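Reader: I have a model in front of me and some labels I would like justified. Can you take me through them?

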Amino acid sequence: MADLRSNFIGIKSPNPFWLASAPPTDKEYNVVRAFKAGWGGVVWKTLGEEGPPIVNVNGPRYGAIHGADRRLLGLNNIELITDRPLEVNLQEIKKVKREWPDRAMIVSIMVPCNEDSWKAILPRVEETGCDGIELNFGCPHGMSERGMGAAVGQVPEYIEMVTRWCKQYSRMPVIVKLTPNITDIRYPARAAKKGGADAVSLINTISSIVSVDLDNFAPMPTIDGKGSHGGYCGPAVKPIALNMVAEIARDPETRGLPISAIGGVTTWRDAAEFIAMSAGTVQVCTAAMTYGFRIVEEMKTGLARWMDEKGFSTIEDFRGRAVPNVTDWQYLNLNYVTKAHIDQDLCIKCGRCYAACEDTSHQAIFKEKDGKRHFEVNDAECVACNLCVEVCPVDNCITMVRQTEGVDPRTGRKINPDYANWTTHPNNPMALKAAE
Ligand SMILES: Cc1cc2nc3c(=O)[nH]c(=O)nc-3n(C[C@H](O)[C@H](O)[C@H](O)COP(=O)(O)O)c2cc1C
Ligand code: SF4
Ligand code: SF4
């Protein structure tokens with residue numbers, strides 16, 4: 001059986017599945033139950049500075065997007081950092097770490113962006129015996145309006161400065177949690193590295209309004225007739241997170257910087273994808289909030305089984321394997337030709353592929369044969385866009401088949417087995433200039 005143990009910046013855990021800083025990690029009761037259920041580690045719900053505890057709304061704090069089957073696809077929240085007293089949290093962290101020494105215990109921190117505030121909290125957190133800290137530069141709501149969270153994460157200079165304080169005033173490994181609410185994730189990641197971060201984690205939630213109540217004409221969740229933007233997470237954000245992780249993994253300035261990936265991890269497959277994109281651990285919030293702590297069992301067995309099938313003994317065996325295959329559009333092989341093919345035995349003749357291709361793509365699907373309903377691809381029109389594959393309700397009913405020889409009936413051009421990309425294409429004016 002594959003070995004799921006993880007060693008992330010020296011922090012060991014029995015598996016790479018950590019709970020992200022959020023309600024599931026808000027208190028001893030939750031974290032102990034999570035550890036009993038098998039989670040490899042937790043990032044404790046973000047602590048704030050000493051003083052009057054944070055105040056949350058007393059009305060609904062979540063909104064959501066559901067699929068047609070009511071499955072939760074995206075979750076929006078307007079919750080702030082922990083609203084429990086600092087000392088209570090610190091005592092609980094210390095106790096749980098002592099009782100569960102083999103699990104990773106990371107403490108998330110967010111205090112005002114001044115040296116004294118960080119200097120004051122760091123020794124108190126270090127005293128708990130936790131394995132490391134995560135700097136919450138990500139919350140897009142509430143805290144950011146007070147100059148913390150995403151307000152720091154959006155300014156690379158601040159990220160670098162605060163990270164440096166944390167390295168200066170503590171011996172703990174420092175993970176910088178990045179906000180996705182920026183234009184280019186590479187800049188904050190580079191700043192974290194410059195400041196001495198041991199790792200980055202991403203993504204925190206995305207600024208969002210998930211819906212408008214059409215009776216009250218107010219954003220959801222609605223608090224006494226008003227709503228504000230919140231933070232979006234869950235399966236819907238995974239593609240955004242995966243892209244940002246890939247950007248950091250392949251940027252020459254941050255390549256090799258350890259990454260704890262967060263964003264929509266719901267199954268072992270999501271985790272495997274993030275690890276293939278170089279993540280050392282994955283963090284989970286929405287899936288645990290939707291399905292409970294036991295979801296980790298499926299994640300662990302699924303990942304281990306897949307690794308066995310592939311012959312990977314440890315997660316290091318496949319970590320980062322997808323990174324060299326992430327490239328820029330201009331380097332994609334323009335001589336690679338495929339055509340859609342419909343498996344007539346699987347086709348249930350629903351006509352969705354036809355509607356999609358006929359109305360919005362390339363009119364490349366016949367819907368009739370011998371006066372009967374029958375769906376078949378016309379290779380002479382198919383540009384291989386893949387839309388029909390994505391809208392077909394039957395798995396593997398439509399597949400893309402590579403043409404390796406002969407002539408492409410759409411272009412009339414001979415299939416060329418050689419690789420050629422846009423940088424040298426005759427239609428590219430820059431290619432012509434380069435050749436001159
Ligand atoms: C209700 C809620 C509260 C959260 N609170 C925090 C927090 O205190 N600190 C933090 O760093 N991230 C917080 N997050 C963000 C999560 O840690 C995580 O980055 C995000 O939800 C994406 O992961 P997911 O798609 O698995 O939910 C919160 C998320 C939710 C849903
Ligand atoms: S791949 Fe695109 S162009 Fe080809 S049949 Fe499907 S939808 Fe039409
Ligand atoms: S969408 Fe799929 S199942 Fe429906 S007609 Fe097209 S190929 Fe057949």
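Author: The questions below take up exposure, backbone geometry, the cores and a ligand shell. Keep in mind that the model is predicted.

Reader: Why is Phe 217 called exposed?
Author: Count its neighbours. Phe 217 has 9 other C-beta atoms within 10 Å. A residue with 12 or fewer counts as exposed. Therefore Phe 217 is exposed. Phe 217 sits in the loop between β12 (211–213) and β13.

Reader: What makes the phi of Phe 217 worth a remark?
Author: Its sign. Most residues other than glycine have a negative phi. Phe 217 is not a glycine, yet its phi is positive, about 50 degrees.

Reader: How do you know that Asp 370 is exposed?
Author: By the cut-off of 12 or fewer. Asp 370 has 5 other C-beta atoms within 10 Å, so Asp 370 is exposed. Asp 370 also has a positive phi of about 50 degrees, though it is not a glycine. Its place is the loop between β18 (365–369) and β19 (372–377).

Reader: Which residues does the cis peptide bond with omega of about 15 degrees join?
Author: Leu 202 and Ile 203. Ile 203 belongs to the loop between β10 (199–202) and β11 (206–208).

Reader: What is omega for the cis bond from Met 220 to Pro 221?
Author: Near -5 degrees. Pro 221 lies in the loop between β13 (218–220) and β14 (230–233). Most peptide bonds are trans.

Reader: Which residues have the most contacts inside the largest nonpolar core?
Author: Val 200 and Val 245, in a core of 97 residues. Helix α7 (residues 238–250) gives the most to this core, with seven residues. Apart from it lies another core, of 15 residues, including Tyr 354 and Cys 388.

Reader: What does Val 200 touch, leaving out residues up to four places away in sequence?
Author: Ile 175, Val 176, Leu 178, Ala 189, Ala 192, Ile 248, Leu 257 and Ile 259. A contact needs C-beta atoms within 7 Å, so each of these residues meets that limit with Val 200.

Reader: How many residues of the shell around ligand 2 are nonpolar, polar and charged?
Author: Twelve are nonpolar, three polar and none charged. Of the 15 residues there, Cys 357, Ala 364, Cys 382, Cys 385 and Cys 388 come nearest. Cys and Ala count as nonpolar, so these five are on the nonpolar side. Helices α11 (352–360) and α12 (387–391) each supply at least two residues of the shell.

Notes: Residues are numbered from 1 along each chain as its sequence is written. Chains are lettered from A and ligands numbered from 1 in the order in which they are written. This is a predicted model: local features need pLDDT of at least 70, side-chain atom pairs count only at pLDDT 80 or more; totals for chains, interfaces and linings use all residues. A nonpolar core is a set of buried Ala, Val, Leu, Ile, Met, Phe, Trp, Tyr and Cys residues joined through C-beta atoms within 7 Å. A residue is buried if 20 or more other C-beta atoms lie within 10 Å of its own, exposed if 12 or fewer, and partly exposed in between; C-beta atoms are placed from the backbone. Helices (H or I, at least four residues) and strands (E, at least two) are DSSP runs, numbered from the N terminus. Two residues are in contact if their C-beta atoms, placed from the backbone, lie within 7 Å. A residue is near a molecule or strand if its C-beta atom, placed from the backbone, lies within 6 Å of it.
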